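Let's take a friendly walk through a protein model, one feature at a time. Keep the picture open while you read.

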Amino acid sequence: MTRYHTVRINHRQEGKEYTLKVPDDHYILHSVEEQGNQLPFLCRNGACTVCAVRILSGEVYQPEAVGLSPELKDKGYALLCVSYARSCLEVETQNEDEVYEIQFGQYFCKGEKKFKIFAYDD
Ligand code: FES
């Protein structure tokens, strides 16, 4: 049987706040959109992290959130495109690319350049 939870979303970049009733068997992002609101998204498959939010209170179920490390899930991040509400929730949108930077930013520009560009005359 479907249960409904109240979800409060602070869309920080837009300066908007949504308070919605969301069914527990429907992705939160889809419910938000079906009720006429917009949030950031890109892949809609739990991979890109554009839809990431910080959970301020409440619980989500997000087994398909492959783009989010277990550590970030433990720190309270969720991907709304593949998250189900498991209680009443209060969340806020991340800073742009916040989750991506936390997960992958440390690896950028760390590798040595081990290539040589050859011209056809070499
Ligand atoms: S839109 Fe890409 S992870 Fe949610």
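Below you will find notes on the sheet, the salt bridges, two unusual backbone angles, the aromatic rings and a buried serine.

## Before we start

One thing to keep in mind: this is a predicted model. If you want to find the residues yourself, count from 1 along the chain as its sequence is written.

## The sheet

Start with the strands. Five of them come together in an open sheet, and going across you meet β2, β1, β7, β3 and β5 in that order. The pairing in this sheet is mixed. At the edges sit β2 and β5 (77-79), each of which pairs on one side only. The sheet isn't flat-lined either: on average, neighbouring strands are turned by 35° against each other, if you ignore direction.

Now zoom in on one pair of neighbours. Strand β1 (residues 4-11) and β2 run antiparallel, and eight bridges join them. Want a spot to look at? Find T6, which has K21 of β2 standing opposite.

## Salt bridges across the strands

How many salt bridges does a search of the whole structure find? The search turns up five. Two of them involve R8, so let's look there.

The side chain of R8 meets that of E17 in a salt bridge, at 3.1 Å from N to O. R8 also forms a salt bridge with E90, where the closest N and O atoms are 3.2 Å apart. Because R8 belongs to strand β1 and E90 to strand β7, this second pair ties together parts that are 82 residues apart in sequence. Through shared partners, the salt bridges join R8, E17 and E90 into one network.

Are these residues tucked away or out in the open? Each falls in between: E17 is partly exposed with a relative accessible area of 49%, R8 is partly exposed at 36%, and E90 is partly exposed at 27%. For E17, the value of 49% still means partly exposed because exposed would need over 50%.

## R44, a busy residue

Next, look for R44 in the loop between α1 and β3 (52-57). Which residue does R44 form a salt bridge with? The partner is E33, and the closest N and O atoms are 2.6 Å apart. E33 is in helix α1 while R44 is in the loop between α1 and β3, so the pair ties together parts that are 11 residues apart in sequence. Both ends are partly exposed: E33 has a relative accessible area of 26%, and R44 has 29%.

R44 has another neighbour worth finding. It lies over the face of F41, at 4.5 Å from the ring centre.

## Two unusual backbone angles

Here is a bit of background: most residues other than glycine have a negative phi. R44 is not a glycine, yet its phi is positive, at about 65°. D97 does something similar, with a positive phi of about 60° although it is not a glycine either.

You can find D97 in the loop between β7 (89-93) and α3 (98-104). With a relative accessible area of 40%, D97 counts as partly exposed.

## Aromatic rings

How many aromatic pairs are there? The count comes to three. One of these is made by Y27 and Y84, and it is tilted: the ring centres are 5.0 Å apart, with 35° between the planes. The pair links distant parts of the chain, as Y27 sits in the loop between β2 (16-23) and α1, Y84 sits in strand β6 (residues 84-85), and 57 residues separate them.

Both Y27 and Y84 are buried. Add Y61 to these two, and you have one aromatic cluster.

## A buried serine

Our last stop is S31, in helix α1 (residues 28-34). Is S31 buried or exposed? S31 is buried, because its relative accessibility is 1% and the cut-off for buried is under 20%.

What does S31 touch? Leaving out residues up to four places away in sequence, S31 touches V22, P23 and H26. Helix α1 has come up before, too: E33, the salt-bridge partner of R44, also lies in it.

Definitions and conventions. This is a predicted model: local features need pLDDT of at least 70, side-chain atom pairs count only at pLDDT 80 or more; totals for chains, interfaces and linings use all residues. Side-chain values use heavy atoms; hydrogens and water are left out. Helices (H or I, at least four residues) and strands (E, at least two) are DSSP runs, numbered from the N terminus. Buried means under 20% relative accessible area, exposed over 50%, partly exposed in between (1.4 Å probe, protein chains only). Contact means heavy atoms within 4.5 Å. Rings of Phe, Tyr and Trp (its six-membered ring) pair if their centres lie within 6.5 Å; planes under 30 degrees apart count as stacked, over 60 as edge-to-face and the rest as tilted. A charge sits over a ring if NZ of Lys or CZ of Arg is within 6 Å of the ring centre and within 35 degrees of the ring normal. Two strands pair if DSSP finds at least two bridges between them. Axes are lines fitted to C-alpha atoms, for helices over the stretch in contact, and angles run from 0 to 180 degrees between N-to-C directions. A salt bridge is a side-chain nitrogen of Lys or Arg within 4 Å of a carboxyl oxygen of Asp or Glu.
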